[in-house]
Amino acid sequence: MASTLESELTYQTKDGGKTWTRELFGFEQQVAAMAANSTSDGFGTYTAGMSIILPRILSKETMQEYVTSAWISLRRVVPTAALRSRGVDGDPSKFIYEYTVPSDGDETLQWAKDSIVWIDEKMTLHDREVDLYNDYWSPATGHYVTDLVVCPSSESDTKWNVLFHSLHASLDGRGSLQMFDIFVRFLNDLVCKGVPLLQSLRNGEQKLNVCFLASHYSSSASLFFLSRLFYQTSNSSHAGHSSGTTSTRLSFIDYPIKLKPPAQVAFLRPFSVVDESPKNIQNCKDVRLTAEQTLKLRKACRAHGYTVTQLLVALKAVTEVEWVMTFPQDDPEDQRLEAIRIYKESSIFPTAWNLVDQRYKLKDYSSHSSEHSSPSFAADGCTLVLSMDAIRAVVKFDEDTRKVETKPELFWDTAVAESKKQWTSCDLSLNAYVAREVERREASKEFDGASYMLPALLSTSLGDLEALDIATRFSESIPSADPERILIEEFGIAIRTPTTLKTLLFWQWNNRLTIRVTTGAKWTTNEGIVAYNNIFERWINDVC
């Protein structure tokens, strides 16, 4: 196993250090296959944004100079920002990363010009993100893996929106947030501390002294990514499952779920097209709790002995079932009857790809700002299969009246208890993670974009960013002795979801928890998402 990982995760050069390449591996390979598949339609393209407040108004020209300088400085710390991805011999499951060491500063400046997208139109951060969701590229094309998108905000002349628009295979949630931290540090030094711009950005008379030497990139420290971090794994990646079970692949899930025969019936909503040609490829809405609501939620979790993530998984399950059974989109009668049948007969509620961060376990490679840097993608995913009995205990449907009755007083001891049970049954150790990565390499060879048309739920909980010490020096809720500084007002994170899947992302910033819900606009209306979010927030208020 160690030799396999070493060969997969180490970059190689065949031209003396000018160009470095490696094949995508594991989860990143699978996510790239999603984005390249015509049926899944760019699923997984990743957008992470932040709204920053400057201490004073800057002209567009000055902002361009500062941003370009900060972006190049970020590349010196995080060279993966300048990767390209390419296909391999027309194989839909194989892709490579390619890094080219600049020969001089002009090449570096050209990369910055090619990868920074300047937009003059003023928008809110959320509206800019929605606009970007319509744009994606195949990982086979040789495009840089990340565009830096910058535009003024419509809310204030001192506010700007800065976004990473990227292949998800090359940028995950925690990794992108670490990169934002580094980028804003450089930008803050330029704007607030008078640190000089990189040479010649202003007048173009001198070459930039920021070229990366090939000798620098031949060292194991900067060739990044686990070159000295390999772990032996057990022979079985499904430890804990009894031998008396059968293996059933729930279509899009990247490794088999073990189910006892006869096969279980999953709660997956019936659906139909509601807008054949939507203006935007997906609908995206947020539930953004107040600081008071967020504090109450965290206190409730502590009082009941559960984590916030365990609570949120339970909440998305009960919300989905209640939402489906209230027929929020004027569902046709045959669709309603099918929903009633599934509600009665289903035995499991599958919540797929509950993404977790493995980066922090990588020791010397746990941070982009560390000496050894960090992988561009270090997310892991596990599938949770909740018992529908636990969900039906708190979401009761009367077939005669076709009304839903909820039992919030039972919620913690049923739905959240079931969520915790399933979470604790997942082996999230580093050994198990590595084993799953090997499995995903094989699963990528059989990727079927049609499988992403299942109306299941995917989610990731990014955590309390300030508690993780991400960008804390730029948080309004944390005092600073600096006479002036850039403030990060909000973050926005989502992945392109142009299918019937729902993706839910959770994060806390500035003492406020955000729940972002995204799904394909062809099958779920904007009003449908609003109804879902209203149910979600009502559950929070009822149980916290």
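The following dialogue concerns a predicted model of a protein chain and the reasons for the terms applied to it.

Biologist: What makes up the protein chain in terms of helices and strands, and how many of its residues count as buried?

Modeller: The protein chain has 14 helices and 19 strands. Of its 544 residues, 58% count as buried, a term that requires under 20% relative accessible area. Among contacts between residues at least 6 apart in sequence, 77% join residues at least 24 apart.

Biologist: How do you know that the span of helix α13 is close to the expected one?

Modeller: Helix α13, residues 430–444, has 15 residues and reaches 21 Å from its first C-alpha to its last. The expected span is 1.5 Å times one less than the number of residues, and for α13 this is 21 Å. The span is therefore close to expectation.

Biologist: Why is α13 called mostly covered?

Modeller: In α13, 12 of the 15 residues are buried. Among them are Leu430, Tyr433, Arg436, Glu437, Arg440 and Arg441. Each of these has a relative accessible area under 20%, because that is the cut-off for the term.

Biologist: Why is Asp89 called exposed, whereas Arg402 is called partly exposed?

Modeller: Asp89 has a relative accessible area of 78%; the term exposed applies over 50%, so Asp89 qualifies. Arg402 has 28%, which lies between the limits of 20% and 50%, so Arg402 is partly exposed.

Biologist: What is notable about phi in these residues, and where are they found?

Modeller: Phi of Asp89 is near 55 degrees, a positive value in a residue other than glycine. Asp89 is found in the loop between β3 (84–88) and β4 (91–100). Arg402 has a positive phi of about 55 degrees although it is not a glycine, and its place is the loop between β14 (395–398) and β15 (403–406).

Biologist: What makes β1 and β6 the edges of their sheet?

Modeller: The sheet is open and has four strands in the order β1-β4-β3-β6, with antiparallel pairing. β1 (19–23) and β6 (141–144) each have a single partner strand, so one side of each is left without a neighbour in the sheet. From one strand to the next, the twist averages 25 degrees.

Biologist: How do you know that β1 and β4 pair?

Modeller: Pairing requires at least two bridges. Five bridges join β1 to β4, which run antiparallel, so the requirement is met. The bridge partner of Trp20 is Tyr99 in β4. Helix α2 (residues 27–36) packs on the sheet, touching β1 and β4, and its direction makes about 110 degrees with that of β4.

Biologist: Why is the space lined by His168, Gly173, Leu355, Ala379 and Thr460, among others, called a cavity?

Modeller: A cavity is a set of points where a 1.4 Å probe fits but cannot get out, so the term describes an enclosed space. Six cavities of 30 Å³ or more are counted, and the largest has a volume of about 300 Å³. It is lined by 26 residues, and the five you name lie nearest its centre. The largest share of this lining, five residues, comes from β16.

Biologist: What makes the second largest pocket a pocket, and which strand gives the most to its lining?

Modeller: A pocket is an open set of points, so the second largest pocket is not closed off as a cavity is. Its volume is about 500 Å³. Of its 26 lining residues, Arg174, Thr309, Val356, Trp423 and Ser461 lie nearest its centre. β16 gives the most to this lining, with six residues.

Terms used:
Residues are numbered from 1 along each chain as its sequence is written. This is a predicted model: local features need pLDDT of at least 70, side-chain atom pairs count only at pLDDT 80 or more; totals for chains, interfaces and linings use all residues. Side-chain values use heavy atoms; hydrogens and water are left out. Helices (H or I, at least four residues) and strands (E, at least two) are DSSP runs, numbered from the N terminus. Buried means under 20% relative accessible area, exposed over 50%, partly exposed in between (1.4 Å probe, protein chains only). Axes are lines fitted to C-alpha atoms, for helices over the stretch in contact, and angles run from 0 to 180 degrees between N-to-C directions. Contact means heavy atoms within 4.5 Å. On a 1 Å grid over the protein atoms alone, a cavity is a set of points where a 1.4 Å probe fits but cannot get out, and a pocket is an open set with protein on both sides within 12 Å along at least five of seven lines; lining residues have an atom within 4 Å of a point. Grid points are joined across faces, edges and corners, and a volume is the space filled by probe spheres set on the points.
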